[in-house]
Amino acid sequence: MANPNGKASITHVIFDMDGLLLDTEKFYTEVQEIILSRYNKTFDWSLKAKMMGKKAIEAARVFVEETGIGDSLSAEDFLVEREEMLRNMFPTSELMPGADRLVRHLHENGIPISVATGSHRRHFELKTQRHGELFSLMHHIVLGDDPEVKQGKPSPDIFLAAAKRFEGVPVDPHSILVFEDAPSGVLAAKNAGMSVVMVPDPRLDSSFHENADQVLGSLLDFNPSDWGLPPFQSAAC
Ligand SMILES: O=P(O)(O)OC[C@H](O)CO
Ligand SMILES: [Mg+2]
């Protein structure tokens, strides 16, 4: 069913995590820049676009292949190399603007919410160390190393697994709204038959916006009424 504004009427919401709820994409960017500089190469946003949102090993393969360093550094060794740096950065993770307000608003209004992140358990724990209370409002959380997630985004696996775990009768994918920052994540949600609000980094090429149903500069700009969801009671500050 559609709203008068032509958008699907939403009953359930699934959030991406890295770069959407948490400002963690910058850590991956920084570490990748450091590693590439050793090979006298630079990291750019066309490569970033191909990596973000994916499972670690899938993103690592893209990294070594696209940069041409695969003969010197395997995808597996790249993951080992970046691990120590990331482990020190992740506990400092901060929320993206508007994430706290939107999650609390949906929870307070009884909209079932969940998280579907390509991040695996160990990294998830580090990233959410300071945000346990907010993440406890999620009905469930599906991680990249979940056995049901055979393939990472853009495969629909993770969003279909998240949809199945809501309580009650099976939820029609058309009633689910996904929030994503990554091109692969937007595609994964569309492949799962869901609607997607994309909140991309401004450095991402705008050609990646076209698969999303709505593109916002920030979660602060989200208007729940566009999707038949309860409106905010006060303006964002
Ligand atoms: O954007 P997410 O939450 O699916 O995370 C994916 C990787 O961990 C980072 O790109
Ligand atoms: Mg993301």
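How much space lies in the largest cavity? About 240 Å³. The notes below take that cavity, the metal site and the packing in turn. The model is predicted.

1. **Metal site.** Three protein residues serve as donors to the magnesium ion (ligand 2): Asp16 (OD), Asp18 (O) and Asp181 (OD). They lie 2.0 to 2.2 Å from the ion. Note the atom types: Asp18 is listed with O, while Asp16 and Asp181 are listed with OD. Along the chain the donors of ligand 2 follow the spacing D-x1-D-x162-D.

2. **Burial of two donors.** Are Asp16 and Asp18 buried or exposed? Asp16 has a relative accessibility of 2%. Asp18 has a relative accessible area of 8%. Buried means under 20%, so Asp16 counts as buried, and so does Asp18.

3. **Largest cavity.** The count is two cavities of 30 Å³ or more. The largest cavity holds about 240 Å³ of space. It is lined by 23 residues, and the closest to its centre are Asp18, Glu25, Tyr28, Gly53 and Lys54. Asp18 is also a donor of the magnesium ion (ligand 2), through its O atom.

4. **Make-up of that lining.** Helices α1 (25-37), α2 (45-51) and α3 (56-67) each give at least two residues to the lining of the largest cavity. The largest share, three residues, is from α1. By class, the lining of the largest cavity divides into 10 charged, seven polar and six nonpolar residues.

5. **Second cavity.** The second largest cavity has a volume of about 40 Å³. Its lining includes Gly118, Gly144, Val149, Gln151 and Ile158. Gly53 and Lys54 line the second largest cavity, and these residues are also among the closest to the centre of the largest cavity. The lining of the second largest cavity splits into five polar, three charged and two nonpolar residues.

6. **Largest pocket.** The largest pocket has a volume of about 260 Å³. Of its 19 lining residues, Gly19, Asp23, Met96, Pro200 and Asp201 lie nearest its centre. Helix α1 supplies the largest share of this lining, three residues. The pocket lining divides into nine nonpolar, six charged and four polar residues.

7. **Main core.** The largest nonpolar core has 31 residues. Val13, Phe15, Leu21, Phe179 and Phe222 touch the most other members. The elements giving two or more residues to this core are β1 (12-15), α5 (99-108), β2 (113-116), α7 (132-135) and β4. The largest share, four residues, comes from α5. As background, nonpolar side chains tend to be buried together in soluble globular proteins.

8. **Val13 and the other core.** Which residues does Val13 contact, leaving aside its neighbours within four places in sequence? They are Leu106, Ile111, Pro112, Ile113, Ser114, Phe166, Leu177, Phe179 and Leu229. Apart from the largest core lies another of 26 residues, among them Ile14, Val142, Ala162 and Ala189.

9. **Helix α9.** The buried residues of α9 (residues 183-191) are Pro183, Ser184, Gly185, Val186, Ala188 and Ala189. Ala189 is also one of the members of the 26-residue core. What do the buried residues of α9 pack against? Their partners are α2, α8 (157-164), β4 (176-180) and β5 (195-198). Gly193 follows α9, with a positive phi near 85 degrees.

Key. Residues numbered from 1 in each chain as written. Chains lettered and ligands numbered in written order. Predicted model: local features only at pLDDT ≥ 70, side-chain atom pairs only at ≥ 80, totals over all residues. Heavy atoms only, no water. Donors = N, O, S within 2.8 Å, 3.2 Å for Na, K, Ca; no water. Buried < 20%, exposed > 50% of the residue type's maximum accessible area, 1.4 Å probe, protein only. 1 Å grid on protein atoms, 1.4 Å probe; cavity = no way out; pocket = protein on both sides within 12 Å on 5 of 7 lines; lining within 4 Å. Points joined across faces, edges and corners; volume = space filled by probe spheres on them. Nonpolar A, V, L, I, M, F, W, Y, C, P; charged D, E, K, R; others polar. Contact = heavy atoms within 4.5 Å. Core = buried A, V, L, I, M, F, W, Y, C linked by side-chain atoms within 4.5 Å.
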